[in-house]
Amino acid sequence: METSRRELMKLGLAAGATFSMPAMLRAQTQELRTVRMVMGDLQVFDPFFTTSDITQYHGLAIYDTLFGLDSNLVAQPQMVDKWTVSEDQRIYTFELRDSLSWHDGTPVTAADCVASLRRWGEVDPAGQLLLERAAEISSKDEKTFVIGFKEPFGLVIDLLANAAGRPLFIMREQDAKRPATEQVTANIGSGPFKFNASLAKPGSSVTYDRNENYVPRHEPASEFSGGKVVNVDRVIWDNISDPQTAVAALQASEVDFLLQPPADLYPAIEADPDLELQALGKSGSAFYARINFLQKPFNNVKARQALLHLVDQEAFLQVVSPDPKYGGTVTSLFGSRTAYSNDENTGWYKKGGNPEKAKLLFEEAGYAGEKVLILTPTDWSEGNNASQFLAASLQKIGVNAELAPMTWSELSARRENKGPVEDGGWSIFVTNQSDFSLGNPIGSIFFLANGEKAWYGWPKSDEFEALRAKWADVGTTEQRKELAREMQRVWWDFVGAVFLCRALSPSARRKELTDLISTQGEYRPMWNMKKV
Amino acid sequence: MEYEEGVKALVTYILRRTMSAIAVMAMVGAFVFLLLRLAPGDPAAILAGRAATTEMIAGIRQQLGLNDPLPIQFMRWVWDMLGGDFGNSIFAGRPVLELIAQRLEPTVSLSLLTMTLSVTVGVSFGVLAAWRAGGLIDRTLTAISALGYSVPVFVIGYFLIYFFAIQARWLPVQGYKLIADGLGPWFMHLILPTLALSLGFVAFIARVTRASTLEVLTEDYMRTAAAKGASPYAMVVHHALKNAGVPILTVIGISFAYMIGGVVLTETVFNIPGIGRLVVDAINNRDYPIIQSVLILTSGLYVLINLTVDLAYTLIDPRIRY
């Protein structure tokens with residue numbers, strides 16, 4: 001048999017084509033129901049061990065919760081089938097629903113829930129409060145457990161449904177018995193996704209497979225509650241550290257979802273007909289300045305009040321999130337969109353951007369040119385921009401403000417120093433947290449105002465702390481709203497921290513990826529999404 | 001007799017260099033250990049997350065043994081390392097050597113492809129430019145070399161991604177496929193990173209090759225070879241290139257060492273999970289065991305490359321003796 005030169009050429013071309021392009025095409029066909037997401041670098045797998053957001057996303061994927069908040073912020077049963085409370089409001093009894101099982105096939109028991117509650121209570125403020133008030137937490141049988149309280153306690157279900165800070169993820173008893181300062185080593189939960197350990201590449205990618213044994217609730221999905229139906233077979237989180245490369249990968253259809261593209265690349269994403277920006281966190285993040293209460297000049301309340309007058313939130317928004325549709329202002333201590341948001345005691349500074357008044361207050365505070373050192377995280381662009389803008393605003397009114405550029409890890413270590421600036425201390429650092437989490441004065445360390453025991457900046461107000469302590473014992477939402485107003489009045493008098501703006505961080509996705517769950521908070525669940 | 005003495009001298013030389021390599025690695029280890037501990041930043045704070053409290057961070061520090069005095073931490077690390085245990089990653093919780101092994105294939109693949117391309121193209125360009133010195137080819141190649149030498153790797157990387165991956169869709173933007181997954185996908189994923197990383201080295205090697213070859217081409221023996229009717233190929237390859245080989249080899253050795261820095265950038269731009277990315281992430285997270293181990297092993301590799309280059313001189317120039 002003779003082979004012509006033309007046939008040989010055809011053969012060569014076919015071989016070349018087989019060698020190159022089809023590899024990708026074949027992969028796409030095989031992985032039709034695989035979603036690739038760029039979520040960040042998942043390094044810590046234990047959601048009780050760290051407050052890192054990405055670890056909480058991981059927790060949402062593989063673990064389940066007793067209760068979940070719906071889109072109206074009402075707690076709905078999730079793993080729990082039925083629950084009752086005694087007439088004196090002291091004994092809560094919970095019964096787990098049928099068909100709950102761990103990824104290793106063993107059934108979920110009440111003992112697992114009890115151990116998880118105790119571990120959660122070691123580290124999360126909401127859990128700590130629950131344990132503090134509880135007289136008894138015990139399992140009655142395989143499916144029933146009880147929490148008994150010393151006094152009537154009305155906040156129980158809200159605390160158990162906590163979706164800010166660390167949600168109460170239910171772990172296997174043997175995992176939950178580890179101290180919370182030691183990481184759980186097995187990634188075995190009872191949630192809608194199973195962690196695929198064999199495909200995990202630390203620092204590079206992690207893989208989740210649909211848990212085929214998971215039985216979703218019958219109700220439609222609503223934020224963290226309802227049926228957690230998984231419509232894809234596999235989800236891979238790729239860690240692409242370079243944001244430009246990540247956007248390019250999205251454009252080239254190598255990934256389907258980018259959690260947080262940088263703001264300067266929004267125009268490129270919006271210009272691509274196959275991509276869409278979508279703010280999945282409805283309320284966004286509140287950016288704020290933590291102020292060192294222990295050192296000059298901010299140990300004087302007038303200097304702190306000066307900051308409130310100085311900060312023009314709309315101007316800050318320009319440097320944090322240049323597109324105004326992805327942000328706004330936040331003046332209520334309880335965030336801009338929570339049940340407790342209010343306008344109490346905000347009238348006097350509300351507009352901000354009043355440098356003359358700020359200057360006057362610094363003078364009244366006896367400011368004598370002390371250095372105001374702003375710890376500036378250079379590896380977090382929004383925080384970096386906001387810090388620089390704050391320094392420039394202070395310098396304009398004659399304050400000796402200086403930036404101390406450093407990475408976030410350096411900042412984390414430096415902020416521990418309570419001493420004066422000259423001894424390695426600090427005056428201000430900028431950070432953020434979900435606006436939604438501000439609706440929970442018990443679950444968020446932001447609200448602590450007990451001096452040196454409080455979070456960094458160590459704000460102190462006995463009056464505020466006394467009011468905060470009442471929160472857990474207030475019976476109704478209306479009463480809590482009233483208490484929120486009182487707390488806010490005190491807060492803005494002593495100025496525990498200063499809000500800079502509220503920014504939404506839209507995610508970018510390919511249009512084939514639909515039905516992603518939007519939530520009030522910043523945690524991103526993966527159930528419900530579809531890949532067309 | 002003379003041969004035996006030569007072998008003995010060579011073995012002594014290798015032993016001496018190996019001992020000095022161990023000393024260099026020990027010094028690098030001590031220096032890196034101290035530098036990391038003295039630099040600001042705390043792995044416990046990063047592990048605990050942005051909203052962590054002082055108590056949480058203190059608990060993690062205690063658990064990781066970071067509160068122990070520095071000499072104790074150092075001795076513990078050295079002792080474990082002498083037993084072959086390079087420690088566990090603070091974040092991944094897995095043995096450092098296992099993590100390094102996982103990342104070795106992408107980095108070795110990228111480095112070898114880059115060196116192959118750089119040496120082949122760089123030496124060819126250099127020789128061609130020297131042979132036609134002052135002509136159009138020489139000037140064109142010199143201009144290309146200057147460009148390759150001065151444009152940063154990441155700029156070339158983004159440029160290549162834009163044209164070949166996003167616009168043309170011929171090649172993947174990012175990522176890496178293991179050789180075990182097929183040579184085709186492996187090669188496709190390495191084309192752009194290799195091109196981006198090679199350009200600078202091609203320029204470097206081409207410039208040195210041109211200069212060395214040009215010098216040799218003016219020697220008397222080259223005129224003699226030409227007078228005897230040697231072909232241009234024989235003149236360049238057998239006479240000029242061999243005699244210009246020592247500086248070219250030196251440059252190739254240096255390029256290998258410099259490539260370690262280039263690989264870090266290239267792996268970041270093209271999202272290749274290699275040693276470079278491992279180190280960058282470890283530095284950002286203050287994952288001490290990974291940083292220390294990679295730097296020690298890299299310094300060992302650096303010394304090994306230098307030793308190999310030194311020994312290779314004897315093959316090119318028999319006059320060189322150790």
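A residue counts as buried if 20 or more other C-beta atoms lie within 10 Å of its own, as exposed if 12 or fewer do, and as partly exposed in between, with the C-beta atoms placed from the backbone. Keep that handy for the exercises below. The model is predicted, so local features need pLDDT of at least 70 and side-chain atom pairs count only at pLDDT 80 or more, while totals for chains, interfaces and linings use all residues. Residues are numbered from 1 along each chain as its sequence is written, and chains are lettered from A and ligands numbered from 1 in the order in which they are written.

**Exercise 1. Find out whether Asn271(B) is buried or exposed, and what its phi looks like.**

Step 1: locate the residue. Asn271(B) sits in the loop between helix H11 (245–269) and helix H12 (275–285) of chain B. Helices here are DSSP runs of H or I with at least four residues, strands are runs of E with at least two, and both are numbered from the N terminus.

Step 2: count. Asn271(B) has 27 other C-beta atoms within 10 Å, so it is buried.

Step 3: check the backbone. Phi of Asn271(B) is near 50°, which is positive although the residue is something other than glycine.

**Exercise 2. Work out how Ser253(A) and Ala230(B) are classed by their C-beta neighbours.**

Step 1: start with Ser253(A). Look in the loop between helix H8 (243–251) and strand S13 (257–258) of chain A. Ser253(A) counts as partly exposed because it has 16 C-beta neighbours inside 10 Å. Its phi is positive too, about 65°, and it is not a glycine.

Step 2: go to Ala230(B), in the loop between helix H9 (220–227) and helix H10 (232–243) of chain B. With 15 C-beta neighbours inside 10 Å, Ala230(B) is partly exposed.

Step 3: list the contacts of Ala230(B). Leaving aside neighbours within four places in sequence, they are Ala225(B) and Met235(B); a contact means that the C-beta atoms, placed from the backbone, lie within 7 Å.

**Exercise 3. Describe chain A as a whole: what does it contain, and which span does its C-alpha trace have?**

Step 1: take the elements. Chain A has 16 helices and 23 strands.

Step 2: take the dimensions. Along its principal axes, the C-alpha trace of chain A spans about 100 × 65 × 40 Å.

Step 3: compare with a globule. A compact globule of 532 residues would have a radius of gyration near 24 Å, and the 26 Å of chain A agrees with that. The radius is taken over C-alpha atoms, and the globule rule is 2.2 Å times the number of residues to the power 0.38.

Step 4: look inside. Of the 532 residues of chain A, 51% count as buried.

Step 5: spot the cis bond. Lys296(A) and Pro297(A) are joined by a cis peptide bond with omega about -5°. Pro297(A) belongs to the loop between strand S15 (285–291) and helix H10 (301–310) of chain A.

**Exercise 4. Which strands stand at the edges of the open sheet S5-S6-S8-S7 of chain A, and why is one side of each left without a neighbour?**

Step 1: read the order. This open sheet of chain A has 4 strands, S5-S6-S8-S7, with antiparallel pairing; strands pair if DSSP finds at least two bridges between them.

Step 2: find the edges. Strand S5 (80–85) and strand S7 (134–139) of chain A each have a single partner strand, so one side of each lacks a neighbour in the sheet.

Step 3: zoom in on a pair. S5(A) and strand S6 (residues 91–96) of chain A pair antiparallel over 5 bridges, and Trp83(A) stands opposite Phe94(A) in S6(A).

**Exercise 5. Trace what chain B brings to its contact with chain A, and say how chain B is divided.**

Step 1: count residues. Chain B gives 46 residues to the contact and chain A gives 40.

Step 2: find the biggest supplier. H3(B) provides the largest share of the chain B side, 5 residues.

Step 3: sort that side by class. It has 24 nonpolar, 15 polar and 7 charged residues. Nonpolar covers Ala, Val, Leu, Ile, Met, Phe, Trp, Tyr, Cys and Pro, charged covers Asp, Glu, Lys and Arg, and the others, Gly among them, are polar.

Step 4: divide chain B. Its domain assignment gives domain 1 (2–82) and domain 2 (96–285), with bounds from an automatic or database assignment. Taken over C-alpha atoms, the centres of these domains of chain B are 32 Å apart.

Methods. Two residues are in contact if their C-beta atoms, placed from the backbone, lie within 7 Å.
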